[in-house]
Amino acid sequence: MSNRQVVIAIDGYSSCGKSTFAKAIAKKLGYAYIDSGAMYRATTLYGLQNGAFDAEGTLNSTKLIQALPQITITFKFNNEKSRNETYLNGTCVEDEIRTIAIADKVSRVAEIAEVREQMVLLQQQMGQEKGIVMDGRDIGTVVFPDAEFKIFMTADPAIRAQRRYDELKAKGETVDIKEVEENIRKRDYIDENREVSPLRKADDALVLDNSHITVEQQMKWVEEHLNRILEK
Ligand code: CDP
């Protein structure tokens with residue numbers, strides 16, 4: 001494989017394994033992995049902790065927009081746990097942002113144009129050096145429209161719900177599969193229908209439906225395409 005460094009943009013629906021896949025590719029290539037969804041999740045957590053949601057859980061977007069200058073998001077690799085962790089204003093929030101409580105609210109936060117502007121800028125700064133894999137909803141369309149390799153991931157909604165349910169359960173969270181299914185359905189809808197940079201496949205992205213393929217088959221698929229792209 002050539003040593004040319006590229007940008008790999010992975011977009012797609014909720015819970016179809018984008019981040020696991022992105023991490024595996026980054027590890028294989030020695031690239032940096034950036035989880036753009038974690039930034040929207042951390043912003044949601046900040047909103048919850050600082051009164052941007054009312055008692056019924058409705059978002060006051062004006063409050064959140066006003067709070068944006070107070071939000072700093074960074075990532076740090078934890079050697080002990082061997083994982084990349086998300087920091088909100090200097091505090092590790094990696095576990096808190098993965099809960100269903102955050103998943104329930106994040107797509108409302110991600111609809112706000114001012115939030116997206118701040119996150120996209122940060123993502124572009126983090127990706128200035130090539131040799132990165134970033135996953136999200138608008139990476140191939142908005143954040144890195146010139147990415148050399150764009151992947152659009154999808155999977156059957158019932159399979160996605162089962163995967164996320166297993167993941168949350170393994171972490172010790174008590175959840176109902178129906179609740180997970182409903183959350184995925186709702187987020188897909190909001191993400192695809194929002195006004196600002198909705199989830200959609202970039203024209204030049206390759207579609208990967210991983211409903212019925214193994215992790216190994218998925219890696220093989222990516223390697224074949226990467227070889228072709230890197231040889232160009
Ligand atoms: O891992 P999962 O598929 O559940 O979602 P995520 O990547 O952690 O993203 C959480 C939410 O953030 C999504 O449902 C979107 O509403 C939003 N998001 C976005 O709007 N744009 C991105 N680039 C990444 C995430």
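**Group meeting: two loops, one ligand site, two cysteines**

Asn89 sits in the loop that joins strand 4 (83-88) to strand 5 (91-92). Keep in mind that this is a predicted model. Phi of Asn89 is near 45°, a positive value, and the residue is not a glycine. Is Asn89 buried or exposed? Neither: its relative accessibility is 37%, so Asn89 counts as partly exposed.

Now a second positive phi. Ser15 has phi near 60°, again in a residue other than glycine. Look for Ser15 in the loop between strand 1 (7-12) and helix 1 (18-29). Ser15 is buried, because its relative accessible area is 6% and the cut-off for buried is under 20%.

On to the ligand. Which pocket does the ligand take up? The ligand fills the space of the largest pocket. Three elements each give two or more residues to the shell around the ligand: helix 2 (36-49), helix 4 (100-109) and helix 8 (177-193). Helix 2 provides the largest share, with four residues.

How many residues surround the ligand? The count is 19. The closest are Arg41, Arg116, Asp138, Arg164 and Asp191.

Let me go through some side-chain distances. Arg41 places a polar side-chain atom 2.6 Å from an oxygen atom of the ligand. For Ser107, an N or O atom of the side chain is 2.8 Å from a ligand oxygen. For Arg116, the distance from a polar side-chain atom to an oxygen atom of the ligand is 2.7 Å. How much of the ligand does the protein bury? Alone, the ligand exposes 530 Å², and the protein buries 97% of that.

Next, the loop after helix 8. Ser197 lies there, between helix 8 and strand 8 (206-209). Ser197 counts as buried, since its relative accessibility is 16% and buried means under 20%. Pair Ser197 with Arg228. In sequence, they are 31 residues apart. In space, C-alpha to C-alpha, they are 29 Å apart.

Last, the cysteines. Cys16 has a relative accessible area of 0%, so Cys16 is buried. Cys92 comes out at 30% relative accessibility, so Cys92 counts as partly exposed. How many disulfides turn up in a search of the whole structure? Zero. Recall that a disulfide is a covalent bond between the sulfur atoms of two cysteines. The search required a pair of cysteine sulfur atoms within 2.5 Å.

Technical notes
Residues numbered from 1 in each chain as written. Predicted model: local features only at pLDDT ≥ 70, side-chain atom pairs only at ≥ 80, totals over all residues. Heavy atoms only, no water. Buried < 20%, exposed > 50% of the residue type's maximum accessible area, 1.4 Å probe, protein only. Near = heavy atom within 4 Å. Polar contact = N/O pair within 3.5 Å; in protein donor to acceptor, adjacent residues only side chain to side chain. Areas by Shrake-Rupley, 256 points an atom, 1.4 Å probe, with all protein chains shown as cover. 1 Å grid on protein atoms, 1.4 Å probe; cavity = no way out; pocket = protein on both sides within 12 Å on 5 of 7 lines; lining within 4 Å. Sits in = over half its atoms within 2 Å of the grid points.
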